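Student: Could we go through this protein model together, slowly, with one question at a time?

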Amino acid sequence: MSGSVPQPAEPGAASPVDPVASLDRTGGYLGPTGAAAVVAAGRATPGRWRLLLRKATFWVGASVVLFWVVCAVFGHAIAPYNPLAQQLLLNNQPPSGAHWFGTDPLGRDVLSRVITGARDILIITPLATILATVLGTALGLAMGYLGGAFDLVVGRLVEAFLALPFVIIAFLFVVALGPSVRTITIVIGLVFTPLIARTVRTAVLVERQQDYVSASRLLGEGPARVMFGEILPNVMPAVLVEFTVRLGYAVFAVVTLSFLGFGIQPPTPDWGTDIAANYSGLLAGYWWQTLFPALAIATLVTAVALIADSIEQVLSS
């Protein structure tokens, strides 16, 4: 919408270029300047998305992620052995032709556990990131558009929430609800919500000053219609970048919870659980029991980071 006289921002609202806006001092992944650049570029050049398909880093990252998705879906068919089957006479065997990644202290095939261990991680991380993105986007839209006292109060609550260590929050939820896929998904989703809200708020502060927002107000559209019908489509580039970045962080979060005993419980194959159970074997020379799950984590996180970086470069260039 264009051709209308823009209205001034509401009293008490933060300026989109205000460097001392409370939440912008800590910033999200993009930060105030990065969020504004991504939003502007994404709004001005929709055809820029085609450039993403020309980036080698995007295809490398997408290929690795696709590999782990295949392992998550068809893991039990691909794995050469039952990941839960114990063969105590074959415990702590080094990599060989029979067991490419060796065996663990219970004689279980490490390769089979690595392959099938992708399942729960690739269920939890997308669901948790989607939850965080939906809640964080809605909260960021409200904070950035409404401004004033609402932005100030919610902003302080967000800062207080972010001051709490992730492990403490996770521990409280797990003790209250019990360790399960649902609990871990909710925990990670809630922890990442304020991080995404912070970046979306910055992008909304930029969009709120555009003529189409002023024209929407003149036409009598309510706040919900302006936020979700007018502003949201224009801040989606920043939301997409945040989603891909938080997806990589969610992998680390799931693995961390499992490593500490708050996540996926044994004997279910899980990379973090297997590292926690076997890392002491490094001193005895059983390096393969820890190395291969760690490499699985590294490849997945790096692949997601490559995708996120490619998207951010395309949108902000």
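The questions and answers below concern this predicted model.

Student: How many helices and how many strands are there in the chain?
Tutor: Reading from the N terminus on, every element in the run α-α-α-α-α-α-α-α-α-α-α-α is written with the sign α. The count for the chain is therefore 12 helices and 0 strands.

Student: What share of the 317 residues in the chain is buried?
Tutor: A residue counts as buried when its relative accessible area is under 20%. With that cut-off applied to the 317 residues of the chain, the buried share is 48%.

Student: Among contacts between residues at least 6 apart in sequence, what percentage joins residues at least 24 apart?
Tutor: One pair that is far apart in sequence is Trp59 and Ser310, which are separated by 251 residues, although their C-alpha atoms are 9.5 Å apart in space. For the contacts of the chain between residues at least 6 apart in sequence, the part that joins residues at least 24 apart is 76%.

Student: Helix H3 has 23 residues, but where is its kink centred?
Tutor: A straight helix with the 23 residues of H3 (residues 56–78) would reach 33 Å at 1.5 Å a residue, yet the end C-alpha atoms of H3 are only 28 Å apart. The helix also has a kink of about 60°. The residue on which this kink is centred is Ala72.

Student: Is Trp59, in the same helix, buried or partly exposed?
Tutor: Trp59 is found in helix H3, where the buried residues are Phe58, Gly61, Val65, Trp68, Cys71, Ala72 and Gly75. Those buried residues are covered by elements including helix H2 (49–52), helix H5 (118–146) and helix H12 (288–316). Because the relative accessible area of Trp59 is 45%, Trp59 is partly exposed.

Student: Which elements give two or more residues to the nonpolar surface patch?
Tutor: The patch covers about 710 Å² and is made by Val167, Phe259, Leu260, Tyr279, Leu282, Trp287, Leu291 and Leu295. The elements that give two or more residues to this patch are helix H10 (223–260) and H12.

Student: Where in the chain is Leu282 placed, as one of the residues of that patch?
Tutor: Leu282 has 44% relative accessibility, so this residue counts as partly exposed. As for its position along the chain, the place of Leu282 is in the loop between H11 and H12.

Student: Which two residues does the cis peptide bond join?
Tutor: The omega angle of this bond is about 10°. Pro267, which is one of the two partners, lies in the loop between H10 and H11. The residues joined by the cis peptide bond are Pro266 and Pro267.

Student: What is the phi angle of Asn92?
Tutor: Asn92 lies in the loop between H3 and H4, and this residue is buried because its relative accessible area is 16%. Its phi is positive although Asn92 is not a glycine, and the value is about 55°.

Student: Which parts of the chain does the salt bridge between Arg201 and Asp151 tie together?
Tutor: Arg201 forms a salt bridge with Asp151, and the closest N and O atoms are 2.8 Å apart. Arg201 and Asp151 are 50 residues apart in sequence, so the pair ties together helix H8 (residues 181–207) and helix H6 (residues 148–163).

Student: What is the relative accessible area of Arg201?
Tutor: Its partner Asp151 is buried, with a relative accessible area of 7%. Arg201 is buried as well, and its relative accessible area is 1%.

Student: In the salt bridge of Arg119 and Asp120, which residue is buried?
Tutor: The side chains of Arg119 and Asp120 meet at 3.1 Å, N to O. At 41% relative accessibility Arg119 counts as partly exposed. Asp120 has 10% relative accessibility, so the buried residue is Asp120.

Student: How many salt bridges does a search of the whole structure find?
Tutor: Arg108 forms a salt bridge with Asp104, with the closest N and O atoms 2.8 Å apart. Elsewhere, Glu221, Arg225 and Glu230 are linked in a network of salt bridges. For the whole structure, the number of salt bridges found is 8.

Methods. Residues numbered from 1 in each chain as written. Predicted model: local features only at pLDDT ≥ 70, side-chain atom pairs only at ≥ 80, totals over all residues. Heavy atoms only, no water. Helix = DSSP H or I, 4+ residues; strand = E, 2+ residues; numbered from the N terminus. Buried < 20%, exposed > 50% of the residue type's maximum accessible area, 1.4 Å probe, protein only. Contact = heavy atoms within 4.5 Å. Expected span 1.5 Å × (residues − 1). Bend = angle between axes of the 7 residues up to and from the residue. Patch = residues over 30% accessible without salt bridge, like charges linked within 9 Å, V, L, I, M, F, W, Y side chains within 5 Å. Areas by Shrake-Rupley, 256 points an atom, 1.4 Å probe, with all protein chains shown as cover. Salt bridge = Lys/Arg side-chain N within 4 Å of Asp/Glu carboxyl O.
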